[in-house]
Every structure is written in structure tokens, then in C-alpha cells.
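Work through the exercises below with the structure open beside the text. Each task is followed by a solution in steps.

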Amino acid sequence: MHVDVLVVGGGPAGLIAARDVARHGHEVLVIEEHPEIGEPVQCSGLFSIRGLKRLEVNLPKRAIAGVIRGGRFFSPGGEKFEAYSKLDRAYVVERRLFDKELAKEAAMAGARITLKTKAIGLRIADKAKVVLESGGKREVVEAEVVIAADGVRSRVASLLGLKTPRKIVAAAQVEVESARVEDDVAELYFGREWAPNFYAWLLPKGEVYEVGVGVRQGKYPPRVYLERFMREHPIAKQKITGRSQVEYNMGGFPVASPQDTFAERVLLVGDAGGFVKASTGGGVITGGISARLAAKAACLAIEEKNFSSQFFRENYEKAWKAELGRELEVHELIRKIFDSLSDEELDALFKIAIEEDIASLMVQYPDTDRPYDFFMQLLEKERFVRAIERFISLEL
Ligand SMILES: Cc1cc2nc3c(=O)[nH]c(=O)nc-3n(C[C@H](O)[C@H](O)[C@H](O)COP(=O)(O)OP(=O)(O)OC[C@H]3O[C@@H](n4cnc5c(N)ncnc54)[C@H](O)[C@@H]3O)c2cc1C
């Protein structure tokens, strides 16, 4: 079989890439190893409204489970501040419905989607030759371009020996009924005891609440931290009153900037390429943007019959760096700062953040996908910057 573009992975990045390629009028096949799009869910579904607009997804109302207007942040020792405005900032989206909607949009544009099919081999020659396995049978598909959207542990990237971010957070989350959280505020809890090198979160989602924990280099698997957080965190445990767990899921995401994102005839998108906000772990919007840029580059390559690495450096890497590069670097810097701080230092920083009214700055610069402008304003807060410099050796 031959196709113009083969997309490996039917998550949001793969489906958005396929939709855009199909809308350009090229033949595209998506292969997904699971038997159903959107399953299993490995996501809290917190997406900025601005970001969703950039993806041009026709989100059905029933997929929106909640609206977020603010964030509340708790330090390890219990310092807290809140950034809240009356404006709708983000949606909590039912990820399984979101992915299904994307699949529908891709299919309506003309993309073909094949389930229960896995890419297990890849060779680049006069075409990209991808070995697929489905129901115990193997088949080689030839494609002009492969878009690797196969997630954080991308098989395509490893088959080609491409460098992808190694800094990975393992996360576990559970939906519980009857936690006592306001319905439009997301809460983030820091502290090495609860979530080493990341944070724990409470997210209102319609009738239920999502409680999650991200962990990097922890002593135990994330599920252990999650249970401990729900049971013992002095503030969170007051809010998590219900013990009925509606749904549990876990997964991982990269928390470092992208490295290799292309090779001859191959483009990496989404988590596979490391297009995730390293500060928060959110990857659907940035991954979706990378997918749109990759679709454009793939179509141009087909039209100009040029599939070289150099072509993709010019037409993909340059494009994502212009659109996302600076923002992803700021996310990574924020992550490095958080990772370097002890709990005591984080408490001290929270105190300064409260005194310096960093919350107002957050309200003024609410685009969490694009933190550059916020960060530049933060650098004007001398006390805050001096404290960071005192605690860690980073040049700001
Ligand atoms: C607990 C948790 C909570 C999260 N919460 C949020 C959040 O609130 N907001 C946010 O923006 N992000 C969140 N994320 C991150 C977000 O889920 C990812 O960034 C996003 O799913 C990446 O999309 P993707 O399409 O790149 O990859 P994925 O969604 O991982 O999709 C990759 C797909 O490829 C398929 N695949 C893999 N290998 C092969 C193969 N060899 N052949 C065929 N198919 C293959 C997989 O089955 C999968 O369907 C969260 C992640 C976790 C783990």
C-alpha cells in the first residue's frame, strides 16, 4: 500500500495533523494501536480557551465538563495565593470526547483511520517504508512522509535514533465524587513529600473532581503518592471528602524542550517531539500546534517533492521555533527553577510572591501557553529575582 502521509498514533497531535493534511487534499492514513480512539484516557483535559481556538477544533458542548477562571497555589508549608478573574480562561474537557471529535474532523476531511494497528519498523529509502502489525499480520506501507505522533515513548523516534526529551514525569490521577472545591478554580499543591519534582492538583470537572499527582525521581510509583496526598495532605484532605473513585488513570509526559523533531521523510509532533509545556506538563495545545505546522510542512514537501532533512529544518523546525520556541524555553526555565528549589526555599519564594502580588501579574498575563510576557514582567520584580538567584545558580 502507498499513501502520501502516514500518521503513527491517533492521539490529538496525530489526528490534528491528519485532519490538516487531508484538508490540503493529500491522502493520509492514521494508524492507532488501541481498539478505540480516546481510550485509554491519560489526561486531565485542562486546555486554555485561546489554545483551543488556535487548534480550530469544533468542540461539542457536551465535551466541556468545566470552566476554569483562576488558579490557587499552595506551597509545601501551606503558604497560598490565588490568581482569579471573572473571565473564562480554560475548559476542563472530556478527553475521550475531544479525541473522538478530532477523529471525526479528520475523517470528514478525508483521512483514513485504522485501529488495532501498530508501527513496529521503519526504513527510509526512496520512500518511508513502515512495517505495520495488525492481528498478528504484518504489512509494509510506503509513505512519502511519516508524521510520528506516537506519544512520549515514541517508537518512531527510537527506531531512527532521534533524541527526544528524557526528563519524564509519571502521573496518576483519579476522579472522585464530592470533593469540596469551588467549581471554577484549579488548585496546585507543591512539596517533595507529596509530589517530588512536580506538583499535585485538584480540578473541578462537572459532577466529579480530578485529583492528580505528578512525580519525577520519586521513591515510589505515582499511585502511592496520589493515595497519600488524598489521605494525608493537611489542606487537600479536607476537600477530598468522597472516597468513591469514579475513574483512575496514569501516564507520563516529557518536561523538557524538544530536541530532534525531524529527519529525512519524518516529522515528530506532540509528546513524541517533546512539544509539552515543561512547567505544567500540558501538551495538547502545544502538541496540536506542532501537528498543524508539521501538516503544512508535509504538504509542502509533497508539492515540491523534497523530503530531505534540510527541507524540514527550513520548513518545520524554523516554523515551530518561531511559533513556540521562546515560549517552550520559558516553560523549561520555570521547570528548572522549581526542580532546583528545596521545600523551604519554595515556601520563602511563595511569601515573596504574595508580598509582591505576583497573582495580579498572573491575571494580567493569563495565557499559560505563552508565558514569555508574564516571565519578562516577573523579572522586573527585583526581590523575587534576587531570591531565586540566592537559592539557585541560574542566570536570569
Ligand atoms: C495524568 C495526565 C494528565 C494530563 N493532563 C493534561 C492536561 O490537563 N492538559 C494538557 O494539555 N495535557 C495534559 N497531559 C498531557 C497530554 O495528555 C499529552 O500531552 C497529550 O496526550 C499528547 O498528545 P499526543 O497526540 O502527542 O500523544 P498521545 O495522546 O500519547 O497519543 C499517542 C497515540 O499513539 C499511539 N501509539 C503509540 N505508539 C504507537 C505505534 N507504534 N503504532 C500505533 N500507534 C501508536 C498511542 O496508543 C496513542 O493513542 C496529561 C498527561 C497525563 C499523563
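The exercises that follow concern a predicted model.

**Exercise 1. The ligand shell**

Task: Find how many residues surround the ligand, and describe the shell by class and by element.

Solution.
- Step 1. The ligand is surrounded by 33 residues, and the closest are E32, H34, S44, L46 and D271.
- Step 2. Sorted by class, this shell has 12 nonpolar, 15 polar and six charged residues.
- Step 3. Next come the polar atom pairs. A polar backbone atom of L46 is 2.9 Å from an oxygen atom of the ligand. For a polar backbone atom of V284, the distance to a ligand oxygen is 3.1 Å. For one of Q42, the distance to a ligand oxygen is 3.3 Å.
- Step 4. The ligand taken alone exposes 1000 Å², of which the protein buries 89%.
- Step 5. Two or more residues of the shell come from each of α1 (12–23), β3 (46–48), β9 (118–124), β16 (245–254) and α7 (270–273). With three residues, β16 gives the most.

**Exercise 2. The faces of helix α13**

Task: Determine which residues of α13 are buried and where they lie around the helix axis.

Solution.
- Step 1. Helix α13 spans residues 382–391, and F384, V385, A387 and I388 in this helix are buried.
- Step 2. Viewed down the axis of α13, these buried residues fall within an arc of 160°, so they line one face of the helix.
- Step 3. E382 and R390 are exposed on the other side of α13.
- Step 4. The packing partners of the buried residues of α13 are α9 (309–340), α10 (343–355), α11 (358–364) and α12 (372–378).

**Exercise 3. The buried residues of helix α5**

Task: List the buried residues of α5, then the elements against which they pack.

Solution.
- Step 1. Helix α5 covers residues 222–232, and its buried residues are P222, Y225, L226, R228, F229 and M230.
- Step 2. Among the elements they pack against are the strands β12 (168–177), β13 (185–189), β14 (200–205), β15 and β16. The helix α6 (236–239) is also one of the partners of α5.

**Exercise 4. Two charged side chains in strands**

Task: For E210 and R72, decide whether each is buried or exposed, and find the polar partner of each side chain.

Solution.
- Step 1. E210 lies in strand β15, residues 208–215. Its relative accessible area is 1%, so E210 is buried, the cut-off being under 20%.
- Step 2. The side chain of E210 makes a polar contact of 3.1 Å with the side chain of K205.
- Step 3. Beyond four places in sequence, E210 touches C43, S44, Q173, V174, E175, W201, L202, L203 and K205.
- Step 4. R72 lies in strand β5. With a relative accessible area of 6%, R72 is buried as well.
- Step 5. The side chains of R72 and E187 are joined by a polar contact of 2.5 Å.
- Step 6. Apart from neighbours within four places in sequence, the contacts of R72 are K80, F81, E82, E182, V185, A186, E187, L188 and K239.

**Exercise 5. A glycine in a loop**

Task: Place G78 in the chain and identify what it touches.

Solution.
- Step 1. G78 is in the loop between β5 (70–74) and β6 (80–84).
- Step 2. At a relative accessible area of 34%, G78 is partly exposed.
- Step 3. Not counting residues up to four places away in sequence, G78 touches I235 and D347.
- Step 4. Y189 is 111 residues from G78 along the chain, and the C-alpha atoms of the two are separated by 8.9 Å.

**Exercise 6. Backbone exceptions**

Task: Examine the peptide bond from E39 to P40, and the phi angles of R265 and D357.

Solution.
- Step 1. Start from the general pattern: most peptide bonds are trans, and most residues other than glycine have a negative phi.
- Step 2. The peptide bond from E39 to P40 is cis, with omega near -5°. P40 is in the loop between β2 (28–31) and β3.
- Step 3. R265 is not a glycine, yet has a positive phi of about 65°. R265 sits in the loop between β17 (262–263) and β18 (266–268), and counts as buried at 8% relative accessibility.
- Step 4. D357, also not a glycine, has a positive phi of about 55°. D357 is in the loop between α10 and α11, and counts as partly exposed at 39% relative accessibility.

Methods: Residues numbered from 1 in each chain as written. Predicted model: local features only at pLDDT ≥ 70, side-chain atom pairs only at ≥ 80, totals over all residues. Heavy atoms only, no water. Buried < 20%, exposed > 50% of the residue type's maximum accessible area, 1.4 Å probe, protein only. Helix = DSSP H or I, 4+ residues; strand = E, 2+ residues; numbered from the N terminus. Arc of directions from axis to C-beta. Contact = heavy atoms within 4.5 Å. Polar contact = N/O pair within 3.5 Å; in protein donor to acceptor, adjacent residues only side chain to side chain. Near = heavy atom within 4 Å. Areas by Shrake-Rupley, 256 points an atom, 1.4 Å probe, with all protein chains shown as cover. Nonpolar A, V, L, I, M, F, W, Y, C, P; charged D, E, K, R; others polar.
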